[in-house]
Amino acid sequence: MTALQPRCFSGVQPTGNLHLGNYLGAVSRWVPMQDVMPTIFCVVDMHAITAGFPNATELTNATREVTAAFIAAGIDPKRSVIFNQSQVKEHAELAWIFNCVARMGWLNRMTQFKDKAGKNSENASVGLFAYPNLMAADILAYRATHVPVGDDQKQHLELTRDIAQKFNNDFAERILELGLGSPNPVPSPESPEQIYLPLPEPMIAGPAPRVMSLRDGTKKMSKSDPSDLSRINLADDADMIAKKIKKAKTDPEPLPGELEGLKGRPEAENLVAIYAALAGKTKDAIIAEFGGQPFSVFKPALAELAVERLAPLNAEMARLMADPAEIDAVLKNGAEQASAIAEPVLRDMRKIIGFLDVR
Ligand code: TYM
């Protein structure tokens, strides 16, 4: 019986360009985790086929590009495990097990499925519906305890916790009998004292957990928005970044003198949050600095900061992309390390379930 070890896991889909939301809400926040606990970062290529198969060459390229972005952002392949999901078969195996743990009712409540499937849910793939089960498998194949993500993944992480809890409860006796339990850090009347799967902690924090569209402050910045002006891509060059910030929608008022004054001004609030996250400061500090200033002053300052922070990242991504073999070597090494962690977990889980092991 051992205590569950802290471990951080997170992932990004290789669909289209990474944007500022992915960077500020997730990837940039992974970097300091490397000093705190073992870290695993995944390019979730199996999730990228749930909304239709992308062009094969584009999927391959996007997988390398996201890997390059991780490394350029400061994820160190020597300290973190970096790999693409499809290379570690335990993800698919555990997702199937979780298909049999999660309830239809739980998945029916997922707002992201409703948003993505839209009115045409009859025609959505089964994979899109079961997407959160695969996400739970990503995390729990490593018995990960900490998951830094943007705000839009909150509901999926709650589902992951529900799945872990149900598995622990349903198999409580088996887990004890086999001596595979670890002390539950949060025992309660509903959950056993010995658990196999941790209930992972969603880490949704920082000044920009939900970066909004530059064209509409009420909509999330997203890869799928048809307007490229709505987002800053990590692949954008300095001129493009400055142009997009200049064209960002705002209102006619100057920035308020207090944070409260941003209420009901979604575009202004978004730009302040972006500035704060890029500067590594709080929104309060930015308001203290720019309160009372018009956007004609704030926007150029924001553009300058964004270029200063993102241009080196862009250059490093381009340098890495020029040598795909190097990227592939990182992913291969990462897949081997990831398998070495996930294989024994799945072996335990097969035992707990009672699958006859004849090999
Ligand atoms: P994905 O690829 O849509 O986004 C990757 C990460 O970026 C965050 N993010 C944002 N944060 C702030 N503002 C935004 N506008 C914004 N847009 C995206 C997301 O919250 C996410 O953290 N299902 C996940 C990928 C995934 C995963 C996992 C994550 C698969 N398995 C296991 C964590 C753990 C997704 O589609 O993220």
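**Talking through the ligand site**

Modeller: A polar side-chain atom of Y131 lies 2.6 Å from an oxygen atom of the ligand. This is a predicted model, where local features need pLDDT of at least 70, side-chain atom pairs count only at pLDDT 80 or more, and totals for chains, interfaces and linings use all residues. Residues are numbered from 1 along each chain as its sequence is written, and side-chain values use heavy atoms, without hydrogens and water.

Colleague: What makes the approach of Y131 to the ligand a polar contact?

Modeller: A polar contact is a pair of N or O atoms within 3.5 Å. The Y131 pair is at 2.6 Å, so it counts. A backbone N or O atom of G150 lies 2.9 Å from a ligand oxygen, and a polar side-chain atom of K223 lies 3.4 Å from one, so these count too.

Colleague: How do you know that residues are around the ligand?

Modeller: A residue is near if one of its heavy atoms lies within 4 Å. There are 27 such residues, and Q13, Y131, D138, D152 and V211 come nearest.

Colleague: Why is the space lined by M110, Q112 and F113, among others, called a cavity?

Modeller: On a 1 Å grid over the protein atoms alone, a cavity is a set of points where a 1.4 Å probe fits but cannot get out; lining residues have an atom within 4 Å of a point. This one is the largest cavity, and Y131 is also in its lining. About 60 Å³ of space lies in it, the volume being the space filled by probe spheres set on the points, which are joined across faces, edges and corners.

Definitions and conventions: Polar contact = N/O pair within 3.5 Å; in protein donor to acceptor, adjacent residues only side chain to side chain. 1 Å grid on protein atoms, 1.4 Å probe; cavity = no way out; pocket = protein on both sides within 12 Å on 5 of 7 lines; lining within 4 Å.
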